[in-house]
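Let's take a walk through a protein chain together, one stop at a time. Keep the picture open beside you and find each spot as we get to it.

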Amino acid sequence: MLLFRSGRRIMSTSYPDAPLGIRIVSAISGKLCPRWQINRLLWFKCSVLTLTYLAYMCYHMTRKPISVVKSVLHRNCSGVQLPPEFINNGDDVPGGDSTWCDYPPFDGPDSAALLGTLDSSFLFSYAIAMFFSGFIAERVSLRYFLALGMLFSGIFCYLFGVAKVYDVHSLMYFVFVQAMAGMFQTTGWPSVVTIVSRWFGKAKRGLIFGIWNSHTSIGNILGSLIAAHYVERDWSMSFIVPGFLMGVFGFVMFLFLVDRPEIVDCQEKVGDRRAGYRRLDDGRTADVGGNSDPEDLIDTRSEQDVDERTPIIGSINREPVEDDAIGFLGAIKIPGVIEFSLCLFFSKLVSYTFLYWLPLYIQASTTLSAELSADLSTLFDIGGIVGAIAAGLLSDYTGMSATTCTVMLALAAPSLLLYQQWGALSLSFNICLLFVAGVLVNGPYALITTSVSAELGQHSSLNGNGKALATVTAIIDGTGSIGAAVGPLVAGLVSSSGWQNVFYMLIASDILALLLLLRPVSKELKRRSRRRNVRIE
């Protein structure tokens, strides 16, 4: 028998429930390298982290093109070079139409409102479907759920671009495609967060999720760069290429993603019982593997199976664990879910308003072209990567997630005002202020949707029930997505009266997000104070 303690085992073909790709790789390695030994747990953890990273990167990659293409659907045609066929005919303006370069139905004076409608059809559909998506995700195979969601998300992204190829000008067509795309995009977040939480325990969760969450920004950057590459030549390809890539990676998920450690016999290693820390009800920390006070020590070798889904906060329930999936009402009763959900409503409102309108704002406030404006907007996402990692590190170091979010939100409000006032003065100012805004705006958003959601989905009030992660994640992200839908819609209406009003709306939303976390912050500060008093005693 192979030793489990060593962590190294020969690749086995005895995984009947494993994905087809894993079984093929296992069979090939078993025949070609029969004595090849690897750390199976590490190998599968790395594969899960990589595949879920690529999956959600693709989700965001297919969301970004619309924000880039907006700048060519309706623009000032006086500065656009005439196509060769019109130059040869000697026409100054085709048909005497000053909107000849616009794409109907977005060629009228209400173009901003119509483009805002496209954003809203996607985001409201996303927000509503997210609540149902989490409910479904707890009850089906997440590998199938994720793969099918990616496939259909890619199809509807592709269909948006096909409209130009086949000269479709119906507003209802674009609204329908965006709404369906939003619905299938909800398959992504509950799935990837739940899968990663199943494979990774509590140690350094903020850092792991912070680094992993960079897929959001990387996807936005790739989506912007791909769309910007085609936008001025053939904007249909700005949607077709990301849609095709999304479908391909969906098939890769179907072949290789292991959504549960039990499938490949890794559950015992993931739920290691030999070491770790458990947090007590009064906020103190007990060293499970060390020589702590017997009264504070929590015995992890109870009848309850201790694994990666054991509650972080509170004592371990020694009664048999109920495996029934938690309902919507049960999830919102978990302490902290409502506060963080409402905070994410306003945080995501700010982030997604930037996501959908930033390239257009840069083009309107500077002399940069549509392509360069899209390229410059990626700095906001690069800042988001740094912000997510910084928020995760601070959360791990302090153990105070709500306080970390509050501090970053407090700094985000003045950074938005500075960008609105001075961002257009020079390119260097624009770059620096946009990066700082990305760090401070996306840091709290990333922390809430990842580490905080996973922790609340494993709260002590659940008595060890692991079937709450996807539901809690969906409630928090779904509430945030309503804000994400409202933000771009309001921005489209307000921008006609001046971009400064859009920024005032974003600053007000940022302050409201901060205020909603005051109660969790107060609890964290009290818990930290009690912990200090215990140490002094």
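**A walk along the helices**

Our starting point is Pro105, which sits in the loop between α4 (84-89) and α5 (111-137). Before going on, keep in mind that this is a predicted model. Now look at the link into that residue: the peptide bond from Pro104 to Pro105 is cis, with omega near 10 degrees. What makes that worth a stop? Most residues other than glycine have a negative phi, and most peptide bonds are trans.

Carry on past the loop and you reach α5 itself. Its partner here is helix α18 (residues 469-494): the two axes come within 8 Å and cross at roughly 175 degrees. Angles over 145 degrees count as roughly antiparallel, so α5 is roughly antiparallel to α18. And what kinds of residues make up the contact of α5 with α18? They divide into 19 nonpolar, 8 polar and 2 charged.

Stay on α5 a little longer, and let's talk about charges. Side chains of opposite charge can pair when their charged atoms come close. The structure holds 5 salt bridges, and one of them is formed by Asp119 with Lys70, where the closest N and O atoms are 2.4 Å apart. Asp119 belongs to helix α5 and Lys70 to helix α3 (residues 65-73), so this pair links distant parts of the chain, 49 residues apart. Are these two partners buried or exposed? Buried means under 20% relative accessible area. Asp119 is buried because its value is 0%, and Lys70 is buried too, with 1%.

While we're at helix α3, have a look at Ser71, which is also placed there. With a relative accessible area of 4%, Ser71 is buried. What does its side chain reach? A polar atom of the Ser71 side chain lies 2.8 Å from the backbone oxygen of Val68.

Next up is α6 (142-165). This helix has 24 residues and reaches 35 Å from its first C-alpha to its last, close to the 34 Å expected at 1.5 Å a residue. After α6 comes Asp167, whose phi is positive, near 60 degrees. Asp167 isn't a glycine, yet it has that positive phi. You'll find Asp167 in the loop that leads from α6 to α7 (171-185). Asp167 counts as exposed, because its relative accessibility is 52% and the exposed class takes in values over 50%.

Further along there's a stop at Leu222, in helix α10 (residues 214-230). Leu222 is partly exposed, with a relative accessible area of 32%. Here's a nice case of the chain coming back on itself in space: the C-alpha atoms of Leu222 and Cys58 are separated by 8.9 Å, and these residues are 164 residues apart along the chain.

Now move to the loop between α11 (237-256) and α12 (267-270), the place of Asp265. Asp265 isn't a glycine, but it has a positive phi of about 60 degrees. Asp265 is partly exposed, at 36% relative accessible area. For another salt bridge, find Glu262 and Arg260, whose side chains meet at 3.9 Å, N to O. Glu262 counts as partly exposed at 31% relative accessibility, and Arg260 counts as partly exposed at 36%.

How about a salt bridge that spans a long stretch of sequence? Glu339 forms one with Arg519, the closest N and O atoms being 2.1 Å apart. Glu339 lies in helix α14 (residues 337-365) and Arg519 in helix α20 (residues 518-536), so the pair ties together parts that are 180 residues apart in sequence. Glu339 counts as buried, at 12% relative accessibility.

Our last stop is helix α15 (residues 370-398). Its 29 residues should span 42 Å at 1.5 Å a residue, and the end C-alpha atoms are 43 Å apart, which agrees. What happens at the start of α15? There, a side-chain oxygen of Ser369 reaches to within 3.3 Å of the backbone nitrogen of Leu372. Just after α15 comes Gly399, which takes a positive phi of about 70 degrees.

Methods. Residues are numbered from 1 along each chain as its sequence is written. This is a predicted model: local features need pLDDT of at least 70, side-chain atom pairs count only at pLDDT 80 or more; totals for chains, interfaces and linings use all residues. Side-chain values use heavy atoms; hydrogens and water are left out. Helices (H or I, at least four residues) and strands (E, at least two) are DSSP runs, numbered from the N terminus. Buried means under 20% relative accessible area, exposed over 50%, partly exposed in between (1.4 Å probe, protein chains only). Axes are lines fitted to C-alpha atoms, for helices over the stretch in contact, and angles run from 0 to 180 degrees between N-to-C directions. Angles under 35 degrees count as roughly parallel, over 145 as roughly antiparallel, 65 to 115 as roughly perpendicular and the rest as oblique. Ala, Val, Leu, Ile, Met, Phe, Trp, Tyr, Cys and Pro count as nonpolar, Asp, Glu, Lys and Arg as charged, and the others, Gly among them, as polar. The expected span of a helix is 1.5 Å times one less than its number of residues. A polar contact is a pair of N or O atoms within 3.5 Å; within protein, one must be able to donate a hydrogen and the other to accept it, and residues adjacent in sequence count only if both atoms are side-chain atoms. A salt bridge is a side-chain nitrogen of Lys or Arg within 4 Å of a carboxyl oxygen of Asp or Glu.
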